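Thanks for sending this one over. Here are my notes, written to be read with the model open beside you.

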There are 2 protein chains.
Amino acid sequence: MKNFVYNIPTKLYFGKDQIKNLPDLLNLFGKRVLLTYGGGSVKRSGLYNTIIELLADYEIVELANIEVNPRVDSVRQGATLCKEHQIDVILAVGGGSVIDASKMIAAASKYDGDAWDLVKHPKRIEEVLPLIDILTLSATGSEMNASAVISNTITKEKLNVYNKKLYPHASICDPTYTFSVPKNQTAAGTADIMAHTIETYFSIEDDVYIQDKLCESILKTCIHYLPMVLQEPENYDARANLMWASTLAQNGIISFGKGGPWSSHHIEHILSAYYDIPHAVGMAILIPRWMNYVLNQNTVKQFAVYAENVWGITQQSDIFKTARLGIRETYEFFSNSGLPLTLPEVGVKSNEHFSEIAELASPYLTKSYISLSKDDIIRILESCMNPFYN
Amino acid sequence: MKNFVYNIPTKLYFGKDQIKNLPDLLNLFGKRVLLTYGGGSVKRSGLYNTIIELLADYEIVELANIEVNPRVDSVRQGATLCKEHQIDVILAVGGGSVIDASKMIAAASKYDGDAWDLVKHPKRIEEVLPLIDILTLSATGSEMNASAVISNTITKEKLNVYNKKLYPHASICDPTYTFSVPKNQTAAGTADIMAHTIETYFSIEDDVYIQDKLCESILKTCIHYLPMVLQEPENYDARANLMWASTLAQNGIISFGKGGPWSSHHIEHILSAYYDIPHAVGMAILIPRWMNYVLNQNTVKQFAVYAENVWGITQQSDIFKTARLGIRETYEFFSNSGLPLTLPEVGVKSNEHFSEIAELASPYLTKSYISLSKDDIIRILESCMNPFYN
């Protein structure tokens, strides 16, 4: 097991009506609030009105329309608003996209240069505005970590920024705010939770039994509850289990002591920088192909354990058969959840950019679970063009 | 799932050589340090010397011989030392007993009245000295929670104190410091981890699947690694897994959203206030009997799930049979680990105080998993007088 430091400063207010704590939380910092959100679902759900009423005596400046793959342009715009209005605290209302953008707005508003500098050089982040968020989608875990993924449509880059200063001060996680999330986004969010967990699970570290069991717990929770919420979107306990799973999958609890570079994420980030695919959908497409591609004599044991412990597959006479059944279950679970499972379904009509994407991704994958060359990545991407099983 | 607030301020430095961070951590508060420890194992292991060398330019005041069931007398003594020497920060080196006592010293040193007042009325704790600890036993989880258990030999009380101010500032958790823990204490510590987890697992809350899976993860980690460390006391990864399990079992991660009053702990606390039995040994004796006692038509399903998921028992035609096999595995695991499994083995030669003990415990057990009356508790205690299986 690797050494680690557990130091998570974010306070999580989990459960029904936790929004009642919002004024006290904001008051720690001041009355001038930048309210950030995405495409308007917070208005349709009524949450926007609730917030505006609760904060009647606050000075609220708004930044709406933050993109699904949040762009540095939104970060720049938010930082400008913070500077102009001498904002005291940022209130992000949304899923990972809104929270990620808001983290970088918090940093860029205290920086004299261009926001993209901070994305490229996270160590330059020295001071940040305090950030409080209200989570409306169970997916990225951004509500309790110090990472943000920001895209640049000009340079076709989508980069993961990490700096300890990016932890939100507090997150309000009320599962009822996810009742109105449509089926496709619920499925994609759950695929995202599973993707984070799977990337953590398949690592080269030995004797990390406890972390592996924790990963299996998160995966089984997703498998148990996703079909339930697709049937009953207002099932509180099912939504609550998924929401808590999303936080635990990415706040360090399952990865402390483990770690090592991820695999599919690096490919997906570049893929979606080219095609603006929702991250989780890209991950659901990539993961079963990546699994199949890296299955070999060295990895088969771990894939067989995964098949047995996560999917309840009975041990087969051939260990490769056990492993492959687990990979197939993963694929079919995503497929049965209504997620698109080929790249053409999400607008990638040809392989014309695969070579460039693989070129950009390969430097990140030399030390991952199984080292992947440019050619390996091209082959994985090509296998995403058609359904994987008939 | 219940509402919860996740707010753990303790920083955990986990792994080999993390003690290198100690001077920087202490320097946050000052140079006058109260060093607390237990019966001298820290001297035998060499850790004491390491600390003294590392802190050559600090003013160190020592409080040694903190008891296995730490007494309020030690707390009073420590508080007096802190006041006399104007201590800046407490450094606790040991297991849960030393850390628990040090938490209350931290509180009592800032209180004008008697330390026992604070044990009886934890809300009176307003200010505390900062506490840093170096963990040497994987067991109680005190290194990352806000609880302390303190005994009073005069009033025969052993009380659990909880106040958010009692979180240690930082904990140094280096698994190599547990290499020298003797087999019986290693087994008892692991039984303690399992006891915390089992108390959390058996709760009346529905639809807390994720918490249940996390509990199963901790239990399986204990079952996987305890036999290994009993064979190879210096197996780093096995010690590391147990150490991380001990923290996770009691820092809230497995209980957030669940909760409800515990059962066996309340009986054991009073039992060991009478007989000064090490807490974990008392728990290992009580738990299988408690399980058997509360097994009924309403609880059998959860006990059967426990048997299957934790102990790998195959479903039997009779669900009660499955459940009982799980209970038996629990008992035999403790027994095979060399733990005493009857009360006479730990000095309780007769049932003369059982009625008093049950009288004192019963008020805590009216709302536990299965409500237990005074008579129920007496029966459970009596079943601890003889081996449970032949």
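The points below go from the ground rules to the pairing of the chains, the sheets and the domains.

1. **Ground rules.** This is a predicted model, in which local features need pLDDT of at least 70 and side-chain atom pairs count only at pLDDT 80 or more, while totals for chains, interfaces and linings use all residues. Residues are numbered from 1 along each chain as its sequence is written, chains are lettered from A and ligands numbered from 1 in the order in which they are written, and side-chain values use heavy atoms, with hydrogens and water left out.

2. **How the two chains are related.** A turn of 180 degrees with a shift of 0.0 Å along the axis lays chain B on chain A with an RMSD of 0.0 Å. That is the relation of a two-fold axis. The superposition is by least squares on the C-alpha atoms of residues with pLDDT of at least 70 in both copies. The same surface serves both copies, as 100% of the contact residues of chain B recur in chain A.

3. **The interface between the chains.** Here 40 residues of chain B are in contact with 40 residues of chain A, contact meaning heavy atoms within 4.5 Å. About 3600 Å² is buried between chain B and chain A, and carbon and sulfur atoms give 59% of this area. Buried area is the accessible area (1.4 Å probe) that two parts lose on being put together, summed over both. If you look for landmarks in chain B, try B:Y6, B:Y209 and B:W244: these lose the most area to chain A, together 20% of what that side buries.

4. **A sheet with a strand from the other chain.** Which strands make up the open sheet that ends in β1(B)? Its seven strands have the order β4(A)-β3(A)-β5(A)-β6(A)-β9(A)-β2(A)-β1(B), with mixed pairing. At the edges stand β4 (59–63) of chain A and β1 (4–6) of chain B, each with a single partner strand, so one side of each has no neighbour in the sheet. From one strand to the next, the twist averages 20 degrees. Strands (E, at least two residues) and helices (H or I, at least four) are DSSP runs, numbered from the N terminus, and two strands pair if DSSP finds at least two bridges between them.

5. **The counterpart sheet.** An open sheet of seven strands also runs β1(A)-β2(B)-β9(B)-β6(B)-β5(B)-β3(B)-β4(B), again with mixed pairing.

6. **Inside the chain A sheet.** Strands β6 (residues 131–135) and β9 (residues 170–173) of chain A pair in the parallel sense over four bridges. One place to look is A:L135, whose bridge partner in β9(A) is A:C173. Helix α4 (residues 72–84) of chain A lies across β3 (32–36), β4 and β5 (89–94) of chain A, at about 160 degrees to β4(A). Axes are lines fitted to C-alpha atoms, for helices over the stretch in contact, and angles run from 0 to 180 degrees between N-to-C directions.

7. **Two domains in chain A.** The domain assignment gives domain 1 (11–178) and domain 2 (183–383); such bounds come from an automatic or database assignment. The centres of domain 1 and domain 2 of chain A, taken over C-alpha atoms, are 27 Å apart. Their contact takes 27 residues from domain 1 and 26 residues from domain 2. Between them these domains bury about 2100 Å², 60% of it on carbon and sulfur atoms. On the domain 1 side, A:S138, A:K156 and A:K158 lose the most area to domain 2, together 26% of what that side buries.
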